[in-house]
Amino acid sequence: MDRSQLASNTKELLVEAEGPVGVITLNRPAALNALNHSIMEAMVEALEDFERAPSIRSIVIAGSAKAFAAGADIKEMEKATVAEMSRDPHLSRWDRVGKCPKPLIAAVSGFALGGGCELAMACDLIVASETAVFGQPEIMIGVIPGAGGTQRLTRIVGKTLAMEMILAGRRLSARGALAHGLVNRVVPVESFLDEAKKLAHEIAAQPPIAVRMAKEAVLKALDMDLDTGLAFERKLFYSLFDTEDQKEGMRAFMEKRAARFIGK
Ligand code: CAA
């Protein structure tokens, strides 16, 4: 997949493929990557491009060293009415990110606030730099999180900490985020993007159909009762025995060699 195939590549959102890994970079430094309509529209387009491309097996969403994203764009919302906000598709774009069937890895450094924190949480894994700061400070500007913060943050860190972050605007450092299970790892700021890409390449080397099903099953665990979730998992497990990658994976194990997965 080359850059010319990526219609979603704009000045404020850089989109490229590095072999099997799609990389989407927020590039609005003057506004600390505040997520306005055009940047989120381009984000959804980029994800759709990558979802359609069989060669892409995992996706990194990154900001800069200074800011992953400082939230939804306050300047775009300030004067809006209830009617305007409720017919506006903007917040549903975060839902769309969360529905991406391919694995998403957020590479977070600096501010991940409001919609920025919500964007990171809509991803499947988060690699954070030592300077990362997570928060849902919407209460301080007269609103509440609107792109999943009250739901996803509570599911990840639990009610107690979520309440403090959402009611009092308390921020969480990278180390705090690691201690509370919000991020997968904390790495030096110089290497956060490389580490996120490395993780994305590790996942991209796995059989893609099994990866997709594994992601679906883990996400279902958050909103299914145990018996229903176990039955769902079992069906997906059985269905993988219809794939060439299952045959190859198990044969390679028996023959003591590395498997060559083809995504079928
Ligand atoms: N929207 C629009 N512009 C933003 C922004 C945002 N969320 N965050 C930062 N910016 C802009 C600033 O307005 C400023 O632009 P100007 O130079 O044109 O004034 C520029 O980015 C740099 O910001 P600061 O000068 O404020 O930088 P700082 O280093 O002093 O502070 C900060 C950094 C603590 C992140 C501060 O910018 C801040 O508090 N930003 C807002 C954070 C926030 O409230 N986010 C939630 C937004 S609402 C939301 O996300 C709802 C939802 O659930 C989807």
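Trainee: Which residues point one way from β2, and which the other way?
Mentor: This is a predicted model. In a regular strand, side chains alternate between the two faces of the sheet. In β2, all the residues on both sides are buried. One way point Val21, Val23 and Thr25; the other way point Gly22, Ile24 and Leu26.

Trainee: How many residues of strand β2 are buried?
Mentor: Strand β2 covers residues 21-26. It is mostly covered. The buried count is 6 of 6.

Trainee: In which sense do β1 and β2 pair, and over how many bridges?
Mentor: Strand β1 is residues 13-18. Within this pairing, Ala17 stands opposite Gly22 of β2. The sense is antiparallel, and the bridges number 6.

Trainee: Which residue takes a positive phi in the hairpin of β1 and β2?
Mentor: The hairpin has 2 residues between its strands. The positive phi is near 60°. The residue that takes it is Gly19.

Trainee: In β3, which residue stands opposite Val21?
Mentor: Strand β3 spans residues 58-62. It pairs with β2 in the parallel sense, over 5 bridges. Opposite Val21 stands Ser58.

Trainee: Now the open sheet. What is the order of its 4 strands?
Mentor: The pairing in this sheet is mixed. At its edges stand β4 (67-69) and β9 (172-173). Each of those has a single partner strand, so one side of each is left without a neighbour in the sheet. The order is β4-β6-β8-β9.

Trainee: Which residue in β6 does Ala69 stand opposite?
Mentor: Strand β6 is residues 111-113. It runs parallel to β4, and 2 bridges join them. Ala69 faces Ala112.

Trainee: What angle does the direction of helix α5 make with that of β6?
Mentor: Helix α5 (residues 115-122) packs on the sheet. It touches β4, β6 and β8 (133-135). Its direction and that of β6 make an angle of about 90°.

Trainee: Which residues of α5 are buried?
Mentor: Helix α5 is mostly covered, with 8 of its 8 residues buried. They are Gly115, Gly116, Cys117, Glu118, Leu119, Ala120, Met121 and Ala122.

Trainee: Why is β7 largely enclosed by the rest of the structure?
Mentor: Look at both faces of β7. Leu125, Val127 and Ser129 are buried on one side, and Ile126 and Ala128 on the other. The strand counts as largely enclosed because of its buried residues: 5 of 5.

Trainee: In β10, which residue is the bridge partner of Ala128?
Mentor: Strand β7 has a parallel pairing with β5 (residues 104-108) over 4 bridges. There, Ala107 stands opposite Val127. Strand β10 (residues 185-187) also pairs with β7 in the parallel sense, over 3 bridges. The bridge partner of Ala128 is Val186.

Trainee: Is Ser129 buried or exposed?
Mentor: Ser129 lies in strand β7, residues 125-129. Its side chain makes polar contacts with the side chains of Ser109 (2.8 Å) and Thr131 (2.8 Å). Beyond four places in sequence, Ser129 is in contact with several residues, including Val108, Ala174 and Phe192. Its relative accessible area is 0%, so Ser129 is buried.

Trainee: How many disulfides does the structure hold?
Mentor: A disulfide needs two cysteine sulfur atoms within 2.5 Å. For Cys100, the nearest cysteine sulfur is that of Cys123, 8.8 Å away. Cys100 counts as buried, at 1% relative accessibility, and Cys123 likewise, at 8%. The number of disulfides is 0.

Trainee: What should the 14 residues of helix α11 span?
Mentor: Helix α11 is residues 226-239. At its start, a side-chain oxygen of Asp225 comes within 3.2 Å of the backbone nitrogen of Asp227. At 1.5 Å a residue, the expected span agrees with the distance between the end C-alpha atoms, 20 Å in both cases. The span should be 20 Å.

Trainee: What distance separates the C-alpha atoms of Phe253 and Leu119?
Mentor: Phe253 lies in helix α12, residues 244-254. Phe253 is exposed, with a relative accessible area of 65%. Leu119 is one of the buried residues of α5. The two are 134 residues apart along the chain, and their C-alpha atoms are separated by 38 Å.

Conventions. Residues numbered from 1 in each chain as written. Predicted model: local features only at pLDDT ≥ 70, side-chain atom pairs only at ≥ 80, totals over all residues. Heavy atoms only, no water. Buried < 20%, exposed > 50% of the residue type's maximum accessible area, 1.4 Å probe, protein only. Pairing = 2+ DSSP bridges. Contact = heavy atoms within 4.5 Å. Axes fitted to C-alpha atoms, helices over the stretch in contact; angles between N-to-C directions. Expected span 1.5 Å × (residues − 1). Polar contact = N/O pair within 3.5 Å; in protein donor to acceptor, adjacent residues only side chain to side chain.
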